[in-house]
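Grab a pencil and take a look at the molecule below. The exercises that follow each come with a worked solution, so try the task before you read on.

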Amino acid sequence: MDNHENKTHYLIIIAVFAAIVLGLSLINLLHRPPDILMSERRIRETRPRFNFETVVSGDFMSDFESYAADRFPFREGFRVLQAATVFGAFLQTDNDGIYFDSHGIGSFQALDEESVMLLADKIKAVSESLESQNIFYAFIPDKSIFANRVMPGFDYSLAERILTQRLDSDGFTFIPLVSALEADSFYRTDLHWCQLNISGVLYALGNAMGFEVSLEQFTKRYAGQFRGGYAGQFALPVQSESLYFLYSPHIRAFYMNVGLREFEEGPVYDLQMFHGIDPYDIFLRGAQPLILLKNENAQTDRSLYVFRDSFGSSLAPILASVYSRVTLIDFRFIDLRTLNMLVDFEDDADVLFLYSSGIMNNSDMLLVPLP
């Protein structure tokens, strides 16, 4: 091949490369990405703020990379291709922490020790505002600890040790839940537990808190077929699964309108939410700052206060078969000062702090100031 042919060959390569770059740039300019990435159940990243501080810290480039990736026009197709290559061609056991085994899909995440310490300190801070209540606490381990392969992930033993050491007080009772759960306690495609498969959790809570749950008043009802949050992150096609819930006509739900500072009645299971971003939101309408459940036919006339995350949404209706009043508090959406203005804690009531691994690793989300 002479110099002229070499030159022509290189020019063709440069022209093709330039055409691809220019074409993708034009498509990216014309393409309007969705505001919500339904496959991953999250809002698309917005353009990061550009200033001296964000540039020097490196946050701008890091955030811009996520922003640009979310706007890419062929993003979903490339996600599928990457997952197929990782699991099919390279036979890797996980793709950026997302794994698949005989129990379904999960995510490996390491334990953030500092966050667990902060969570313990915030639990202490909340308990200092309580008087004459019986205080219990428990944590829900990540489903990855039940995976049928050994990989670095959530260290539940270390989490339990940190919590029990920092909350070692006569005023707290720890309720271990690890042995009360198993892989099939969770949905195959989602991080949450299945309401029908947590009898072990109910027994452990009841054994410590002095109650026994009877499910006779509940009716098993079918919501539909769904794919959980992990299905979208996995990227490859997965089989849908059934979502059931336990219904009782005696339990009523009241949701706090923080602006009006009053409760408004709504459904315990909102089936309209099943067709939204997250089908699991049928349980007590998903993210809510303050919810009150009432049951005049409960086993007792006692009250229970649960400081919780999304896992508590499916647990609380069952606990309402025991307690006549169950108050759910989510500090991700309400701060401690506002809570104390809205809720008067009854004497001799039970208080349960119940958080999953997601909150344990991100306890800064809880709007609880430390002294």
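Helices (H or I, at least four residues) and strands (E, at least two) are DSSP runs, numbered from the N terminus. This is a predicted model, in which local features need pLDDT of at least 70 and side-chain atom pairs count only at pLDDT 80 or more, while totals for chains, interfaces and linings use all residues. Residues are numbered from 1 along each chain as its sequence is written, and side-chain values use heavy atoms, with hydrogens and water left out.

**Exercise 1. Place Gly206, and decide whether it is buried or exposed.**

Step 1: Find the element. Gly206 lies in helix H7, which covers residues 199-209.

Step 2: Check the cut-offs. Buried means under 20% relative accessible area, exposed over 50%, and partly exposed in between (1.4 Å probe, protein chains only).

Step 3: Apply them. Gly206 has a relative accessible area of 4%, so it is buried.

Step 4: Look at the rest of the helix. Val201, Leu202, Ala204, Leu205 and Met209 are buried in H7 along with Gly206.

Step 5: Go past the end of the helix. H7 is followed by Gly210, which has a positive phi near 85°.

**Exercise 2. Work out which elements the buried residues of H7 pack against.**

Step 1: Fix what contact means: heavy atoms within 4.5 Å.

Step 2: List the partners. The buried residues of H7 pack against strand S6 (134-140), strand S13 (303-308), helix H9 (312-319) and strand S15 (350-356).

Step 3: Take a closer look at H9. Eight of its eight residues are buried, so H9 is largely enclosed by the rest of the structure. Among those buried residues are Gly312, Pro317 and Leu319.

Step 4: Link the two helices with one pair. Gly206 and Leu319 sit 113 residues apart in sequence, yet the distance from C-alpha to C-alpha is 9.5 Å.

**Exercise 3. Say how helix H5 and helix H6 cross, and which residues meet there.**

Step 1: Start with the axes, which are lines fitted to C-alpha atoms, for helices over the stretch in contact, with angles from 0 to 180 degrees between N-to-C directions. Those of H5 (residues 113-127) and H6 (residues 156-166) come within 9 Å and cross at roughly 35°.

Step 2: Add the handedness. A crossing is left-handed if the near helix is turned anticlockwise from the far one by less than a right angle, and right-handed if clockwise. This crossing of H5 and H6 is right-handed.

Step 3: Name the residues. From H5 come Glu113, Val116, Met117, Ala120, Asp121 and Lys124, and they meet Leu158, Ala159, Ile162, Leu163 and Arg166 in H6.

Step 4: Sort them by class. Ala, Val, Leu, Ile, Met, Phe, Trp, Tyr, Cys and Pro count as nonpolar, Asp, Glu, Lys and Arg as charged, and the others, Gly among them, as polar. The contact of H5 with H6 then has seven nonpolar, no polar and four charged residues.

Step 5: Think about the spacing. An α-helix has 3.6 residues a turn, so residues three or four places apart point the same way.

**Exercise 4. Give the order of the three-stranded open sheet, and explain why S3 and S5 are its edges.**

Step 1: Set the rule: two strands pair if DSSP finds at least two bridges between them.

Step 2: Read off the order. It is S3-S4-S5, with antiparallel pairing.

Step 3: Explain the edges. S3 (94-95) and S5 (104-107) each have a single partner strand, so one side of each is left without a neighbour in the sheet.

Step 4: Inspect the pairings. Two bridges join S3 to S4 (residues 98-101), and here Asp94 stands opposite Tyr99. Four bridges pair S4 with S5, where Ile98 stands opposite Ser107.

Step 5: Note the turn. S4 and S5 form a hairpin with two residues between them.

**Exercise 5. Compare the surroundings of Leu284 and Asp348.**

Step 1: Locate them. Leu284 is in the loop between strand S11 (262-266) and S12, while Asp348 is in the loop between helix H10 (336-342) and S15.

Step 2: Check phi. Leu284 has a positive value near 55° without being a glycine, and Asp348, not a glycine either, has a positive phi of about 60°.

Step 3: Check the exposure. Leu284 is buried at 0% relative accessibility, whereas Asp348 is partly exposed at 45%.
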